[in-house]
Amino acid sequence: MQTVIVWRAHVDTLALRVAQLDSAALTLRTVADVPRAKQAFVNARRAFKLAELALEYYAPSTSREINGPALPEVDEEEGPEAVFPPTGFQVIEEALYGDAPISERDVIIRETSTLRPLVKRAQTMMGVQHASDAHVWDAVKLELARIATLGITGFDSPVAGHSLAEADAALEGVVRTLAPYRGADSTWRHVDSLVADTRTMLMAMSDRDAFDHFTFLAQQLIPLGHAMQSARLAMAIGLPAERRAFRMDAATVFDSAAFDVMGFAPLDATPGMPAQVALGARLFHDTQLSGDGKRACSSCHLPGKAFTDGLTANTARGGAPLARNTPTVINSGLQAGSFADLRTTYLEDQVTDVVENVDEMHGNLASIAARLTTDTSLMAQFRTAFTNTPMRTDSAITAAQIRNALAAYQRSLTRLNSPVDRALRGEVGALSEEERLGFNVFVGKGKCATCHFVPLTNGTVPPMYREAEVEVLGTPSRAVTANATIDPDVGRFRLTRAEPHRYAFKTPSLRNVALTAPYMHNGVYRTLVAVVDFYNRGGGAGIGIQLDNQTLPSDSLRLSAGEQRALVSFMKALTDTTGTQKR
């Protein structure tokens, strides 16, 4: 109960700071008024960061309205016209810290007045909230993950650049939350020492671009996560009973066993048993899954090429090129959605889509199941794989079994032990100095980690990993640096017909990216050097493509030649295909 009182006090302070921000907005008339408004904004956002731990845990929708990305929201269930403008702090930040804040006065006033009822709603929700010890500590763990994956990257302070100071405020919220539990033994002294060092490092530098993100994570925040877990265990405080992508018993998202692939699977899915994985591996290479018996999954996803094919685009039935580049399936079980346009949520549905796609396998799962049933060897393997499961059938193979086996095999291709992972876990020599610099560029100046979230480096949003983001980059049809034209593939717009989704594509994982050239959905770039150059120029906007809905910042990153080389070196160090490349 003491912790909930602390949380309520944080939200009350937020309400006060937002009221002061509203007052400052109303008096914003000349350039001389801007510093006061900015200071009010800093105070209000710091108050939000203190309350973030509780709001994200118990009122996530409201928290998103208060501090979500400054991008329009599409309600896909309501149709293409259900596009809602962004609200909250990040909209205010763009207006107040832009080139002409006075001309954006109406926007600032509108948004600050919108914030007040949102915070009032949060106060009401927290006023009736109760929390068990297990949930308090779970919320703390998630907030540390949020600081690591979103906070220090600048995800929610893209214009003002206050991410380090705001990460410190979020950490202060953690400290205040745990104050009722604090003891005087050696475990807590270790926690206190790490907290002090972590906050000192955050406050010692305001320039996020120059901040040593690698050292901060490897030597401060990750050890702090483990120390806090030790403190929880010492007090015999348990865990909430639920399945989640970020495992309940993991201390940090950087741990070797931090992720549960079943947290990305359908609710009724069961973990793949070894026999099901082996069956899925066999089916992955079986041409009987195609309509004409000539193509297998591995015809395009070659194990020796990290399950890609090295082509700009593979060929469809009949010889015409497919619409998109072949993605890897390594770590495909660690994402909330498949395909470049996110047209399926789960791997089981991805299997159906590929097998029955007229341009790819052109099969029919029901017919394929009937055909495979006549194969006595396969029938015996299916029977063994699904013995003692709800999918067991003794007389015939089913489409559901095929989907299950192939999904189980893909989930088994999870590899998170690259040199980058090992270095963050304490293996100091796993990365070179250039690769460490590249990590800092990736998380800092390059802003890569604001879309390719560490550690998975895909677009599934941490720390809950329930939704995946799409981005509009302005990908060209040809690899030119001036007078470019947009690739005609409209991406997710083809499915939703919502304008913000025109030319929008899923943010893919960068793991094993050294092995999966060419790049982008259309395979337009042959090298990582060319990809980095595209982003450094500001995406499509920097090479002559004008889109009203480009979500990638259009200004140049101004990366030096050395920073660009280091960034490429870092991405190459994301390689781990251990045990996957044998057919």
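User: How much area does the protein chain of this predicted model expose, and what share do carbon and sulfur atoms supply?

Analyst: In this predicted model, the protein chain exposes about 24200 Å², and 53% of that area is supplied by carbon and sulfur atoms. Of its 583 residues, 54% count as buried.

User: What makes the protein chain as compact as a globular protein of its length?

Analyst: The chain has 19 helices and four strands. Its radius of gyration is 25 Å, close to the 25 Å that the globule rule gives for 583 residues, so the chain is as compact as a globular protein of that length. Along the principal axes, the C-alpha trace spans about 75 × 60 × 50 Å.

User: Why is helix 14 described as largely enclosed by the rest of the structure?

Analyst: Buried means under 20% relative accessible area. Of the 14 residues of helix 14, 10 are buried, so this helix is largely enclosed by the rest of the structure. Among them are I402, L406 and Y409. The buried residues pack against helix 10, helix 11, helix 12 and helix 13.

User: How do you know that the span of helix 14 agrees with its number of residues?

Analyst: At 1.5 Å a residue, the 14 residues from 399 to 412 should span 20 Å. The end C-alpha atoms of helix 14 are 20 Å apart, which agrees.

User: Why is the contact between D138 and R244 called a salt bridge?

Analyst: The rule requires a side-chain nitrogen of Lys or Arg within 4 Å of a carboxyl oxygen of Asp or Glu. The closest N and O atoms of D138 and R244 are 2.7 Å apart, so the pair meets that rule. D138 lies in helix 6 and R244 in the loop between helix 9 and helix 10, so the pair ties together parts that are 106 residues apart in sequence. Both partners count as buried, D138 at 3% relative accessibility and R244 at 4%.

User: Why is R199 called partly exposed while E172 is called buried?

Analyst: The cut-off for buried is under 20% and that for exposed is over 50%, with partly exposed in between. R199, at 24%, therefore counts as partly exposed, whereas E172, at 14%, counts as buried. The two side chains meet in a salt bridge at 3.1 Å, N to O.

User: How do you know that C300 and C448 form no disulfide?

Analyst: A disulfide requires cysteine sulfur atoms within 2.5 Å. The sulfur of C300 is 9.0 Å from the closest cysteine sulfur, in C297, and is therefore too far for a bond. For C448 the closest cysteine sulfur, in C451, is 8.9 Å away, also too far for a bond. A search of the whole structure finds zero disulfides.

Terms used. Residues are numbered from 1 along each chain as its sequence is written. This is a predicted model: local features need pLDDT of at least 70, side-chain atom pairs count only at pLDDT 80 or more; totals for chains, interfaces and linings use all residues. Side-chain values use heavy atoms; hydrogens and water are left out. Helices (H or I, at least four residues) and strands (E, at least two) are DSSP runs, numbered from the N terminus. The expected span of a helix is 1.5 Å times one less than its number of residues. Buried means under 20% relative accessible area, exposed over 50%, partly exposed in between (1.4 Å probe, protein chains only). Contact means heavy atoms within 4.5 Å. The radius of gyration is taken over C-alpha atoms; the globule rule is 2.2 Å times the number of residues to the power 0.38. Accessible areas come from the Shrake-Rupley method with a 1.4 Å probe; for residues, only the protein chains shown count as cover.
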